[in-house]
Amino acid sequence: MGFLFPILLGVFLLFTATPPSLSQLPPEIVPPAPAPISPEELCNGIFLSYTFILGRQIPPNDTADQPYRFESVLTVLNNGREELKEWRVFVGFQHNEILTSATNAIIVNGTDLPAPVGNGTIFAGYPVSDLETAIQTAGDLKQMTATIELVGTQFMVTPPDVPLPSNISLVNDGWLCPEPTPTPFSKREISTCCMRDPSIEVNTTTISEKFLPRQPGDLTIMYDVIRSYDQNYLAEVTMENHNPLGRLDHWELSFDWMREEFIQKMQGAYPTVVDATKCVFGPQAQIYTGLDFADVLTCERRPIIVDLPPTKAEDPVLGKIPSCCRNGTILPRTMDPSKSASIFTMQVSKMPPDFNRSALFPPQNWRIKGTLNPDYSCGPPVRVSPTLYPDPSGMPTNKTSFASWQIVCNITHAKTETPKCCVSFSAFFNDSIIPCNTCACGCVSETRRTCSAETPALLIPPDALLVPFENRTSLTVAWNALKHKTIPNPMPCGDNCGVSVNWHVATDYRGGWTARITIFNWGGIDFPDWFLAVQMKKPAIRGFEKAYSFNASLLSVDGGVNNTIFMEGLPGLEYLVAERDELDPKKINLRVPGKQQSVIQFSKKLTPGINVPERDGFPAKVIFNGEECLLPDVLPLASGGRRNGFDTSKVLLCMVIFVVALVI
């Protein structure tokens with residue numbers, strides 16, 4: 001047994017000895033440390049990152065406002081279980097950035113580059129707008145990722161400081177993005193992981209629907225390809241108004257061709273400039289060698305399209321398109337559903353490498369505007385299900401377009417926008433008119449040299465409402481002298497509005513009250529099928545009864561209670577004519593505005609305690625043809641003049657002074 005003792009002792013030491021630590025092992029056998037997990041690997045949704053690459057100072061050298069070039073990369077990665085269609089990402093630029101270049105994306109509102117983006121902007125993918133999942137592509141990052149290289153100018157962030165945006169987020173419906181955070185590995189990058197809103201039910205199957213649903217908007221534009229050939233296609237463009245107070249007059253539509261396309265023919269509309277010069281001296285002439293470019297309508301990269309006049313509606317070459325040829329007027333459905341849309345077609349010629357029937361790409365950066373209408377901001381074209389058309393053969397079936405895109409445009413309410421119409425106030429208890437504000441619709445720099453853009457507008461007598469601003473100076477000065485008001489030097493500038501509205505509180509008695517509303521057209525364009533909308537305070541709107549000379553009704557604008565009086569001309573009075581020369585030869589050098597007027601009746605039965613002389617008797621908002629008009633800053637005072645009428649002697653004296661000034 002003695003020989004077993006050494007063996008047993010060795011086995012005991014083998015199992016009881018402490019193994020050496022990793023630090024004691026030879027370097028060649030130390031296992032590597034696990035690699036840190038990146039933020040995108042932890043994200044099971046849509047991963048967003050913004051990485052600042054480099055920046056440098058550029059001229060001019062200005063210590064007060066020094067510009068710097070910046071280069072950055074925005075990354076959108078789909079790590080989720082559903083395809084991300086038509087991705088859109090907000091980047092909260094905050095250093096007065098001017099963007100000069102962006103790859104694989106466009107700015108959603110259609111702004112051309114270079115573009116100021118210092119208040120943030122939204123990017124959309126182009127030409128690839130959908131990001132597939134790893135499940136669909138077996139983890140192919142090229143189909144899962146969008147990489148946008150950004151180049152631009154920023155101000156006052158001096159290297160080595162990094163000009164990062166304040167926020168990045170996915171703006172597609174149904175997604176929630178936490179506040180972005182710096183990545184653990186770099187101070188030059190911020191990232192966030194966006195997840196589906198749990199309150200919204202989503203079909204999370206690996207293969208999603210082929211098209212996005214159509215979206216609501218104030219104005220929608222459909223771009224439908226109804227015929228497709230190898231080298232060209234026929235597109236039908238349909239604009240529909242969905243806002244009860246929105247409209248367009250003399251609309252102008254513009255967009256950008258991104259693939260060197262050009263318009264060969266059109267029906268229902270026409271470009272403002274017919275010019276094929278850029279095709280003749282461009283790559284198009286090298287491809288279309290047998291084409292007579294004299295027959296091509298426009299080769300502009302950004303054409304401007306306008307509607308045709310009614311005289312072309314039955315023209316076999318230019319017209320014969322439903323809902324065309326109305327001089328660019330698109331009415332709200334509340335006025336006339338048959339006039340709430342405008343349609344035209346255009347034959348678009350393509351360029352290589354798009355010479356096959358399925359290579360179809362809509363133009364980008366859509367914009368639409370009208371004359372004295374609200375401003376619209378349009379999103380990018382979104383692929384939707386093909387539009388259905390009644391079968392022309394008369395069979396009870398529908399035909400579809402080959403491809404359809406929807407562009408959604410909404411009315412903007414930016415504080416920097418200049419109004420296009422204004423309102424003046426007056427009342428039976430005050431013999432002075434509160435005119436439109438000084439420079440209500442803007443003042444050009446040349447005008448500011450002869451008048452004051454900051455001085456408040458002076459009171460005017462009632463007769464001055466019918467006199468153009470440039471001819472009412474003597475009348476205004478005389479009236480304010482009688483009122484013992486200080487006459488400023490220089491005098492205040494005019495309102496410069498093409499349309500003005502006067503709201504006059506005419507009567508106030510125990511059972512009700514009345515207001516007289518007058519619309520003046522000081523511009524050179526007639527307004528057929530005009531409308532006016534007046535929003536009152538809640539107590540007053542409940543008492544509305546009727547308008548005597550307008551067709552008026554209550555309208556619910558915000559989906560709630562009826563809070564708006566919607567007015568339009570009665571048959572034969574739908575036309576608000578432009579300013580014209582005075583027909584009376586005795587009134588020399590005067591022009592007369594187009595005018596429409598009516599008295600509006602209110603009852604006090606449902607509005608006990610209403611205070612008409614105060615704010616209750618005056619509108620909170622006035623909208624003409626979709627454009628919100630600027631209201632005066634003050635109201636007429638009950639102590640400002642005669643309560644029972646105007647002082648006729650003062651008015652006559654002012655008119656005598658006015659006529660003498662004209663003669664002189």
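# Disulfides, a sheet and salt bridges

Visitor: Let's start with C194: is this residue buried or exposed?
Guide: Glad you picked that one; please keep in mind that the model is predicted. The relative accessible area of C194 is 0%, and the cut-off for buried is under 20%. So C194 is buried.

Visitor: Which residue does C194 join through a disulfide?
Guide: The link has an S to S distance of 2.0 Å. C194 belongs to strand β12 (residues 186-196), and the partner lies 17 residues away, in the loop between β10 (175-176) and β11 (181-183). That partner is partly exposed, with a relative accessible area of 25%. The residue joined to C194 is C177.

Visitor: Is the link of C177 and C194 left-handed or right-handed?
Guide: The number to look at is the angle about the S-S bond, which is 110° for C177 and C194. With that value, their link is right-handed.

Visitor: How many disulfides does a search of the whole structure find?
Guide: The bond between C177 and C194 is one disulfide, and C279 and C299 form a disulfide too. The search of the whole structure brings the number to 10.

Visitor: For C279 and C299, what is the torsion about the S-S bond?
Guide: The sulfur atoms of C279 and C299 are 1.9 Å apart. This disulfide is left-handed because of the sign of its torsion, which is about -105°.

Visitor: Where in the chain does C299 sit?
Guide: C299 is 20 residues from C279, and the pair links distant parts of the chain. C279 is in helix α5 (residues 277-280), and its relative accessible area is 0%, so it is buried. C299 also counts as buried, at 7%. As for its place, C299 is in the loop between α6 (283-287) and β18 (304-307).

Visitor: C451 and C493 form another disulfide; how many residues apart are they?
Guide: Their S to S distance is 1.9 Å, and with 95° about the S-S bond the link is right-handed. C451 is in the loop between α7 (445-448) and α8 (473-482), while C493 is in the loop between α8 and β28 (499-508). The separation between C451 and C493 is 42 residues.

Visitor: What are the relative accessible areas of C451 and C493?
Guide: The cut-off for buried is under 20%, so C451 and C493 are both buried. The values are 11% for C451 and 3% for C493.

Visitor: Turning to the open sheet, which are its edge strands?
Guide: The sheet has 6 strands with mixed pairing, in the order β27-β26-β28-β29-β38-β32. An edge strand pairs on one side only, and that picks out β27 and β32 (544-547).

Visitor: Which residue is the bridge partner of A427 in β27?
Guide: Strand β26 (residues 421-427) and β27 run antiparallel, joined by 2 bridges. A hairpin of 2 residues connects them. β27 (residues 430-434) is mostly covered, with 5 of its 5 residues buried. The partner of A427 in β27 is N430.

Visitor: And at β32, which residue of β38 is the bridge partner of A547?
Guide: β32 and strand β38 (residues 594-603) run antiparallel, with 3 bridges between them. In β38, the residue bridged to A547 is I600.

Visitor: Which residue forms a salt bridge with D249?
Guide: Side chains of opposite charge can pair when their charged atoms come close. For D249, the closest N and O atoms are 2.7 Å apart. D249 is buried at 3% relative accessibility, and its partner counts as buried at 1%. That partner is R247.

Visitor: Which residue is linked with E83 and K85 in a network of salt bridges?
Guide: K85 forms a salt bridge with E83, with closest N and O atoms 3.8 Å apart. Both K85 and E83 are buried. The other member of their network is D130.

Visitor: Is E314 buried or exposed?
Guide: E314 forms a salt bridge with K320, the closest N and O atoms being 3.0 Å apart. The relative accessibility of E314 is 58%, and the cut-off for exposed is over 50%. E314 therefore counts as exposed.

Definitions and conventions. Residues numbered from 1 in each chain as written. Predicted model: local features only at pLDDT ≥ 70, side-chain atom pairs only at ≥ 80, totals over all residues. Heavy atoms only, no water. Disulfide = S-S within 2.5 Å. Helix = DSSP H or I, 4+ residues; strand = E, 2+ residues; numbered from the N terminus. Buried < 20%, exposed > 50% of the residue type's maximum accessible area, 1.4 Å probe, protein only. Pairing = 2+ DSSP bridges. Salt bridge = Lys/Arg side-chain N within 4 Å of Asp/Glu carboxyl O.
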